[in-house]
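Work through the exercises below with the sequence and the model at hand. Each task is followed by a solution in steps.

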Amino acid sequence: MSESSGEAVAAAVASATEAGGWRRATGIAGVAIGVVAAGAAAGVAIERLTVGRGMRQKARLALDSAGPYGGLRGTPGTAYAEDGTALYYEVDDLDPETGAEADRAPRRRRLFGRRTPAPVTVVFSHGYCLSQDSWHFQRTALRGVVRTVHWDQRSHGRSGRGVTQTRDGRPVSIDELGRDLKAVIDAAAPEGPLVLVGHSMGGMTVMALADAFPDLVRERVVGVALVGTSSGRLGEVNFGLPSAGVEAVRRVLPGVLRALGQRAELVERGRRATADLFAGIIKRYSFASRDVDPAVARFAERMIESTPIDVVAEYYPAFNDHDKTAALAHFADLPVLVLAGVRDLVTPSEHSEAVARLLPDAELVLVPDAGHLVMLEHPELVTDRLADLLARAGAVPAATTVDGYGSTSSTGPG
């Protein structure tokens, strides 16, 4: 996309909006909406122009019916945020026959002293416009090995719409998400050590938790993984676009999103009408590899497209306001994994490098051929580094192995 074309897209959206031409604005802004849902702000060419629309629709339906991803379910539960928002979570408990307990000596009867300590719980927080299912491969690999909690952020997945947002019309803040995570921990893991894992917005949520509840981190957190995330300065991200195009889109996008969020039904029809372009945008801003399994790409697309436009609008301002650099100090004495894709256009790897510089004892892993959804694109690598973190944190014995995460390559093993 050239600099002049980037300016043209932004100008067209602004012009249509100011003129009140909502149907025209919806069609033009379909690009911007899809990009924001994928975490970017520009257009991308449609792939496979020689393939008919009907054939592409049939292919999507086939992938939806055959795709095995996102089907894992655990013991469900509901936590309630400060404003009453229902936060859905699931727990995968430790399997004593195959998990860490199997490697320990048989438990003897205890007549005195405390009961057996609570196991380590690994809490996974997902990113913007995704859901707990985005951790599908890691969940598969760790199931039965360690106790895990997966939750949906407010207005995402199976969680309820944010009460503050729907009742008071206030946008979401990252601080609010940190308090939501505390509510989930209180409900799903009220005792015992914790390992906190966050991707993108989920990593920001973990930072906000530490900022608001430093005593919890000091007393209970034994390890942290920050995947494809940032501690601040997200307003400087250029999403791989020329500078003039980025500035033009930034100038109009917040207002366009607010306005279109008030006409969600009309906009959703526009999104469906631009489904092919939407798929191309998601692939560009989610993955860097060329051989990502089409079923995985479609899985990511389904998660992102299920996020309503008014939710996209509610969250958008939070990222420019996000600055939790000081909160990283609460992780200084813990085992920390900082991992990012080198070709991430949404939260560039330079942001992870900046986090690692503030946590000099952290393990920094930069994955060369990876984009924003690195845990779906290179699941075996991410799971391997998470397993190592869990061993360093004492969550699993050092000799524990994990398996079953599969491959996202269309030519690799299933």
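The exercises concern a predicted model and deal with rings, charges, a helix, a surface patch and backbone angles.

**Exercise 1. Aromatic pairs**

Task: Classify the pair formed by the rings of tyrosine 69 and phenylalanine 299, and state which parts of the chain the pair ties together.

Solution. Step 1: Five aromatic pairs are counted in the model. In the pair of tyrosine 69 and phenylalanine 299, the ring centres are 6.0 Å apart and the planes stand at 40°. Rings pair if their centres lie within 6.5 Å, and planes under 30 degrees apart would count as stacked, over 60 as edge-to-face. The pair is therefore tilted.

Step 2: Tyrosine 69 belongs to the loop between α3 and β1, while phenylalanine 299 belongs to helix α12 (residues 294-305), so the contact ties together parts 230 residues apart in sequence.

Step 3: Relative accessibility is 12% for tyrosine 69 and 3% for phenylalanine 299. Buried means under 20%, so tyrosine 69 is buried and phenylalanine 299 is buried.

Step 4: Tyr69 and Phe299 form one aromatic cluster together with Phe137.

**Exercise 2. Charges over rings**

Task: Find which ring face lysine 182 lies over, and which one arginine 284 lies over.

Solution. Step 1: Lysine 182 is placed over the face of phenylalanine 213, at 5.1 Å from the ring centre.

Step 2: For arginine 284 the ring is that of tyrosine 285, with a distance of 5.3 Å from the ring centre.

**Exercise 3. Salt bridges from the loop between β1 and β2**

Task: Identify the salt-bridge partners of glutamate 82 and aspartate 83, and state whether the residues involved are buried, partly exposed or exposed.

Solution. Step 1: The model holds 26 salt bridges. One of them joins glutamate 82 to arginine 179, with the closest N and O atoms 3.0 Å apart. It links distant parts of the chain, since arginine 179 is in helix α6 (residues 174-188) and glutamate 82 in the loop between β1 and β2, 97 residues apart.

Step 2: Glutamate 82 is exposed at 66% relative accessibility, and arginine 179 is partly exposed at 31%.

Step 3: Aspartate 83 pairs with arginine 154, the closest N and O atoms being 2.9 Å apart. Aspartate 83 lies in the loop between β1 and β2 and arginine 154 in the loop between β4 and α5, so this pair ties together parts 71 residues apart in sequence.

Step 4: Aspartate 83 is buried at 16% relative accessible area, and arginine 154 is buried at 1%.

**Exercise 4. A further salt bridge and a network**

Task: Describe the salt bridge between glutamate 305 and arginine 298, then list the members of the network joined by shared partners.

Solution. Step 1: The closest N and O atoms of glutamate 305 and arginine 298 are 3.3 Å apart.

Step 2: Glutamate 305 is partly exposed, at 30% relative accessible area, whereas arginine 298 is buried, at 8%.

Step 3: The network formed by salt bridges with shared partners contains Arg73, Glu90, Asp92, Asp133, Arg139 and Arg143.

**Exercise 5. Helix α7**

Task: Compare the span of helix α7 with the expected one, and judge how far the helix is enclosed.

Solution. Step 1: Helix α7 covers residues 201-212, twelve residues in all. From its first C-alpha to its last it reaches 16 Å, close to the 16 Å expected at 1.5 Å a residue.

Step 2: Ten of the twelve residues are buried, so α7 is largely enclosed by the rest of the structure. Among them are Met201, Gly202, Gly203 and Leu209.

**Exercise 6. A nonpolar surface patch**

Task: Name the residues that form a nonpolar patch with Val342 on the surface.

Solution. Step 1: Val342 is joined by Leu364 and Leu366, and the patch has about 210 Å² of accessible area together.

Step 2: Leucine 366 is in strand β8 (residues 363-367) and is partly exposed, at 31% relative accessible area.

**Exercise 7. Positive phi angles**

Task: Locate serine 155 and arginine 233, and state whether each is buried or exposed.

Solution. Step 1: Most residues other than glycine have a negative phi. Serine 155 has a positive phi, near 70°, and arginine 233 has one of about 60°.

Step 2: Serine 155 is in the loop between β4 and α5 and is buried at 7% relative accessibility.

Step 3: Arginine 233 is in the loop between β6 and α9 and is exposed at 61% relative accessibility.

Note on methods:
Residues are numbered from 1 along each chain as its sequence is written. This is a predicted model: local features need pLDDT of at least 70, side-chain atom pairs count only at pLDDT 80 or more; totals for chains, interfaces and linings use all residues. Side-chain values use heavy atoms; hydrogens and water are left out. Helices (H or I, at least four residues) and strands (E, at least two) are DSSP runs, numbered from the N terminus. Buried means under 20% relative accessible area, exposed over 50%, partly exposed in between (1.4 Å probe, protein chains only). A charge sits over a ring if NZ of Lys or CZ of Arg is within 6 Å of the ring centre and within 35 degrees of the ring normal. Patches are made of residues with over 30% relative accessible area and no salt bridge: like charges are joined within 9 Å, nonpolar side chains (Val, Leu, Ile, Met, Phe, Trp, Tyr) within 5 Å. Accessible areas come from the Shrake-Rupley method with a 1.4 Å probe; for residues, only the protein chains shown count as cover. A salt bridge is a side-chain nitrogen of Lys or Arg within 4 Å of a carboxyl oxygen of Asp or Glu. The expected span of a helix is 1.5 Å times one less than its number of residues.
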